[in-house]
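Here is a walk through some charged side chains, as a set of why-and-how questions. Have a look at the structure, then read on.

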Amino acid sequence: MNNLLENADLRVFVTVVRKGSFAQAAAELGMSAAYVSKRIGVLEEALGVRLFQRTTRRIVITEEGEQAFGRAQAILDSLDDLVDEVSERRREPSGRVRICSSFGFGRNVVAPAIAKLVRAYPALQIRFEVFDRLVDPVAEGFDLDVRIGDEIAPQLIARRLMANHRILCAAPDYLAQHGAPRSLQELSGHQCLVIKERDHPFGVWRLRARGGEETVKVSGALSTNHGEIALRWALDGAGIILRSRWHAQPHLDAGRLVQLLPDFTQEANVWAVYPQRLGNSAKVRVCVEFLERELAMQAPE
């Protein structure tokens, strides 16, 4: 029996564990599902244990597989650190970086910045995904999560990329028909465009003023999980929206939206969040520093 482990097989194994599927792991790695299954078989033979229980519908990691996953991840991390230190990747970063963000901010702000990043560092390969939920970078295998919001798990490293806050606003047509709220409590009597986006509580707006934080329960005929849809509705006069300053500012400048209750805002800074084990990675550091510079130039006044 050949007990020599291949680093490539460890990477295949770690990817299968993260994705929970041979087919999904194969798609991420650019391999066939049959080849992934073969490499897992080779690794199982080398280790002398069963890593997965297989059925026709799914795979389930075994207890031995759980133990192997932790050790395999540590080995791969150590190898990445070694390459960083020895091959001068700190000056010329290369390799794939998995980055994620939320729908609207990811499409409108992060994606264009990433395109510039790759032009500046052509040896980088960026895989970018957007979600409408909070992502666990460790569990889901992302190197970097560019997120809005200040609640960050303690096991993660975070670096603020851009100061930001959410504001209340509505279109002039809506205000002409319904009037403007004179207090936070009056929002409950208005059509509010509620967004379910990542980790934000649905229908509950927590806003901060000089006197502290206040909470108001809002509702309306329209709700969505996509901020850009809600913004479109607001521009059409359908209701009041709580939206990031970066998203609303162009429409405020053009008079298409009017800010309401300006003393009330919601803190929503932009952060780069990444697993602690990748904190010293050259490619991640370069991405974070580049995004920090790029977003600083886009920050609204």
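Q: What makes the pair Glu 294 and Lys 116 a salt bridge?
A: This is a predicted model, and in it the closest N and O atoms of Glu 294 and Lys 116 are 2.7 Å apart. The cut-off is a side-chain nitrogen of Lys or Arg within 4 Å of a carboxyl oxygen of Asp or Glu, so the pair qualifies.

Q: Which parts of the chain does the pair of Glu 294 and Lys 116 tie together?
A: Glu 294 sits in helix H10 (residues 282-298) and Lys 116 in helix H5 (residues 103-120), so the link joins parts that are 178 residues apart in sequence.

Q: Why is Glu 294 called buried?
A: Its relative accessible area is 8%. Buried means under 20%, so Glu 294 fits the label.

Q: And what about Lys 116, what makes that one partly exposed?
A: Lys 116 comes in at 37% relative accessibility. The partly exposed class lies between under 20% (buried) and over 50% (exposed), so Lys 116 belongs there.

Q: How do you know that Glu 140 and Arg 133 form a salt bridge?
A: Their side chains meet at 2.8 Å, N to O, and the rule asks for within 4 Å, so the pair counts. Glu 140 is partly exposed at 22% relative accessible area, and Arg 133 is partly exposed at 34%.

Q: Why is Arg 182 called exposed, and what is its partner Glu 186 called?
A: Arg 182 has a relative accessible area of 70%; exposed means over 50%, so the label follows. Glu 186, at 28%, is partly exposed. The two side chains meet in a salt bridge of 3.3 Å, N to O.

Q: How many salt bridges does the rule give, and which residues are linked in a network?
A: The count comes to 18 salt bridges. One network links Arg 18, Lys 19, Glu 28, Arg 96, Arg 98, Arg 127 and Glu 129.

Q: What makes Arg 39 buried?
A: Arg 39, a residue of helix H3 (residues 33-47), has 16% relative accessibility. That falls under the 20% cut-off, so Arg 39 counts as buried.

Q: How do you know that the side chains of Arg 39 and Asp 9 are joined by a polar contact?
A: The distance is 2.7 Å, and the limit for N or O atoms is within 3.5 Å, so the contact passes. Leaving aside residues up to four places away in sequence, Arg 39 touches Asp 9 and Val 12.

Definitions and conventions: Residues numbered from 1 in each chain as written. Predicted model: local features only at pLDDT ≥ 70, side-chain atom pairs only at ≥ 80, totals over all residues. Heavy atoms only, no water. Helix = DSSP H or I, 4+ residues; strand = E, 2+ residues; numbered from the N terminus. Buried < 20%, exposed > 50% of the residue type's maximum accessible area, 1.4 Å probe, protein only. Polar contact = N/O pair within 3.5 Å; in protein donor to acceptor, adjacent residues only side chain to side chain. Contact = heavy atoms within 4.5 Å.
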